[in-house]
Amino acid sequence: MPHRPPAPKPLERPLGTVPLLFAMRRNPLSTWTRAHYEEPILQGTSIIGEVCVVSEPTAIRHVLVDNAANYRKDDLQQRLLGPGLAGGLLLAEDDMWRRQRRLLAPLFTPRMVAGYKPAMAQSAQWLVARWQRQREGRVIDVAREFSRVTLDVLERTIFPEGLGRDPTEFIHAVTDYFETAGRVDPLDLLRLPEWLPRFGRRKAAPALAFFGEAVEAIINTHRAALAQGITQTDRPDLLSALLSAADPETGAGLSEDEIRANILTFIGAGHETTANALTWTLYLLGTHPHWRKRAEQEADELLTQSESPSPEEAPILRAVLEESMRLYPPAATLTRDAIGADRIGTFHIRAGTRMVVSPWLVQRHKKLWTDPDLFDPARFMPGAREKIDRFAYLPFGAGPRICIGMGFAIQEAVILLAHVLKHFQLAPLPDHIPEPVQRVTLRPQGGMPMILQRRSTPSP
Ligand code: HEM
């Protein structure tokens, strides 16, 4: 029997109102029914209003690309993430979004991203050295370790003076924020007024206070460095771009709130996602020795030529990562609200309908994939990869709101994975089955404990 990576069992029928509210709070992934994995489009009305779950590639393209102007970031997302991220690129709309995207795009051009390779390799070497100091057979939480190193990557790349705090403090704060504010509150689902106290929201307050202070310090340090002429000016960085932004028509810069929200957006969106992708990848390689060996072999070969291989040079590592993000997409659900009425095929969409495009569902859909629940990186090897419909695989979204950090994340993940595989073999705990839960990002409940072993035959 092939190993089946863990996933909640689809429900036979939809949950009733109260169980649905509780299940949404505990783990939204557990609320999908068998029909969601089999039907192209499912439309319905529940206590949260009209909902349309779109899993058919042409229809997805309609919502995310062709008629994207009719669909805006939904109200629930704004309520959940707004306290920290409102005014930042992820949640901004209309002119504010266009202005910010134009401003920040130069940091993520293929040339800029390639320029980050040496820094990413340094982070990878830092992680390897950290693990070399551990005793053989020690159990480590791979999720936490990758959170730490992906934050290190951000510090060495887009934050010129680093984050100015102990990274573990950031990791605690981001985890606490996602664990509390990122849980779907029944009051939010019911669209009840903001003045009604949300349990999770109150618990997120210390994390938000920490972010406020930390971000203030990041800005002040950067302004001081600029004033003294001691910051790097030869390449764009996130803070300089945000602080020196000027609208071509009005000359106006970004407000202090926009600057703060973007710093937090890039910390939040830029490290936890990549960390989760790598965490699940190591788990899947730990349970699929055949692919682990192939990936190790490629890593050994690549690192004899360069410390920082490109994704194009690493077809196996890339296929393994892509297949891992198919099964465990770090952003499991993309949601939008319909501004005006629309028609998708035979479906009539009313204004205000909550549109759900779920990479989790689409990438495990019975009509789109053969044996969707099995881990098989061969799907993403050259020759097969090109046959996958663009809108059947969307871990980074699609259309104008596609992830701005996609190239950055893939390059980073390939480099980190290559270094880890060259030196270590991580084995899952025999009696531990990780449970995927959706808390803004898709993460293993309680972390990912794995046994750290050195490779017996690392290449020279
Ligand atoms: C494996 C890693 C990553 C995954 C799976 C991922 C996924 C996504 C997805 C699906 C979206 C679109 C959301 C939507 O349409 O509603 C998005 C947007 C975004 N991502 Fe990523 N992301 C990753 C890494 C990164 C990195 C490394 C950065 C920055 C350094 C980043 C920054 C952003 C930002 C700022 C947005 C908002 C873009 C906009 O609305 O214009 N992400 N990401």
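Seventeen helices and twelve strands: that is the secondary structure of this protein. Keep in mind that this is a predicted model.

How compact is the protein? The radius of gyration is 22 Å, and the globule rule gives 23 Å for 460 residues. Those values are close, so the protein is as compact as a globular protein of that length. Along the principal axes, the C-alpha atoms fill a box of roughly 65 × 60 × 40 Å.

Next, the inside and the outside. Of the 460 residues, 55% count as buried. The accessible surface comes to about 19500 Å². Carbon and sulfur atoms hold 56% of that surface.

Now contacts. Take those with a separation of 6 or more. Residues 24 or more positions apart account for 74% of them.

One helix to look at: α13. This helix runs over residues 256-287, which makes 32 residues. What span should we expect? At 1.5 Å a residue, α13 should span 46 Å. The end C-alpha atoms are 47 Å apart, and that agrees. Is α13 enclosed or open? Buried here means under 20% relative accessible area. By that cut-off, 26 of the 32 residues of α13 are buried, so the helix is largely enclosed by the rest of the structure.

Last stop, the metal. Which protein residue is a donor to the iron atom of the ligand? Cys 403, through its SG atom, at 2.3 Å. Cys 403 is the single donor from the protein. Where does Cys 403 lie? In the loop between α16, residues 359-362, and α17, residues 406-423. Find that loop on the screen, and you have found the cysteine that meets the iron.

Definitions and conventions:
Residues numbered from 1 in each chain as written. Predicted model: local features only at pLDDT ≥ 70, side-chain atom pairs only at ≥ 80, totals over all residues. Heavy atoms only, no water. Helix = DSSP H or I, 4+ residues; strand = E, 2+ residues; numbered from the N terminus. Expected span 1.5 Å × (residues − 1). Buried < 20%, exposed > 50% of the residue type's maximum accessible area, 1.4 Å probe, protein only. Donors = N, O, S within 2.8 Å, 3.2 Å for Na, K, Ca; no water. Rg over C-alpha atoms; globule rule 2.2 N^0.38 Å. Contact = heavy atoms within 4.5 Å. Areas by Shrake-Rupley, 256 points an atom, 1.4 Å probe, with all protein chains shown as cover.
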